[in-house]
Amino acid sequence: MTKISASLLAADFLNLEKEVLRMKDAGADYLHYDVMDGSFVPNISFGMGILKQVSALKALDMDVHLMIEQPERHIEAFAECGAHIITVHAEATRHLHRVLTQIRSLGCLAGVSLNPATGEEALKYVLGEFDLALVMTVNPGFGGQKLIPATLNKVAAIRKMLKEAQVSARIEVDGGVGADNAQTLVRQGADILVAGSALFGAKDPAALIKVMKG
C-alpha cells in the first residue's frame with residue numbers, strides 16, 4: 001500500500017503542533033523532516049531541537065532527510081531526538097556504507113537519497129545495506145518546485161535493480177508530488193510519496209491523501 005510522508009517544510013511554523021496533528025488526522029503515514037545546512041543545499045532549515053519536540057508528540061514516525069555535508073557527524077544526535085528513518089545523500093558522504101551501518105546500529109531505518117542528476121548506479125554497492133531509496137524528483141533545497149520528468153525513469157530503474165538483486169527496500173519520491181502525478185509515480189515503483197506544498201496547502205488534506213494513495 002502506498003504511504004504518504006507529509007513534509008513539514010511546507011507547514012505553518014507558527015502552528016506546528018496543530019499542523020502535525022492535522023496531518024495525522026488526515027491519514028498521513030510519516031512526517032518528512034528536511035534538514036538543510038546551507039552548504040549541501042543553498043537553504044537552511046530545521047535542526048535537532050524542533051525534531052525532539054515534534055517527535056515527543058508521538059503523532060507519526062519521523063522520516064528525517066539529511067541534506068547536509070558529512071552527515072555521519074550528526075547521525076547519533078538525530079537518532080536520539082526521535083528519528084525513525086534517517087536518510088543521507090549518496091553525494092554528501094565519502095563513506096556511504098559506513099554511514100548506513102551507523103544508522104542501523106542506532107535502531108533507525110537507513111535511507112539513501114539521490115539528487116536528480118545522480119544515477120541509480122550509486123546504489124549498486126550498498127544493496128542490502130539500506131531500507132529506503134529516496135529519489136529526489138526536484139533539485140533539493142526548496143519546496144514548491146515542479147517534478148523533473150526524467151526522474152520517473154530512475155524510479156523504475158531502482159525498482160528493477162531491487163527486484164533483480166532480491167533486496168527488500170522501499171522507494172520514496174520527494175519533490176513536486178501531488179494528485180496529478182502520484183499514481184504515475186506508484187506505477188513506476190514508488191512506495192512512499194513525500195508531499196509538502198500540495199498537502200499542507202490543501203483545504204481537505206484527507207481527500208488529497210486518499211486520491212494520492214489510490
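Ile50 is located in helix 2, which spans residues 48-55. In this predicted model, the residue is partly exposed, with a relative accessible area of 35%. Leaving aside residues up to four places away in sequence, Ile50 is in contact with Leu16 and Tyr33. Its C-alpha atom is separated by 25 Å from that of Ala90, a residue 40 positions away along the chain.

Helix 2 itself lies across three strands: strand 2 (30-36), strand 3 (61-67) and strand 4 (83-89). Relative to strand 3, the helix runs at about 165°.

These strands belong to a closed barrel of eight strands, ordered 1-2-3-4-5-6-7-8 with parallel pairing. On average, neighbouring strands of this sheet are turned by 25° against each other, direction ignored. Strands of a sheet pair through backbone hydrogen bonds, in either a parallel or an antiparallel manner. Within the barrel, strand 6 (residues 132-136) and strand 7 (residues 170-174) run parallel and are joined by five bridges. One residue pair illustrates this: Ala133 has Ile171 in strand 7 as its bridge partner.

The cysteines are considered next. The structure holds zero disulfides. A disulfide requires two cysteine sulfur atoms within 2.5 Å, whereas the sulfur of Cys81 is 11 Å from the closest cysteine sulfur, that of Cys108, and therefore too far for a bond. The relevant values are tabulated below.

| Residue | Closest cysteine sulfur | Relative accessibility |
|---|---|---|
| Cys81 | Cys108, 11 Å | 13%, buried |
| Cys108 | Cys81, 11 Å | 6%, buried |

Technical notes
Residues are numbered from 1 along each chain as its sequence is written. This is a predicted model: local features need pLDDT of at least 70, side-chain atom pairs count only at pLDDT 80 or more; totals for chains, interfaces and linings use all residues. Side-chain values use heavy atoms; hydrogens and water are left out. Buried means under 20% relative accessible area, exposed over 50%, partly exposed in between (1.4 Å probe, protein chains only). Helices (H or I, at least four residues) and strands (E, at least two) are DSSP runs, numbered from the N terminus. Contact means heavy atoms within 4.5 Å. Two strands pair if DSSP finds at least two bridges between them. Axes are lines fitted to C-alpha atoms, for helices over the stretch in contact, and angles run from 0 to 180 degrees between N-to-C directions.
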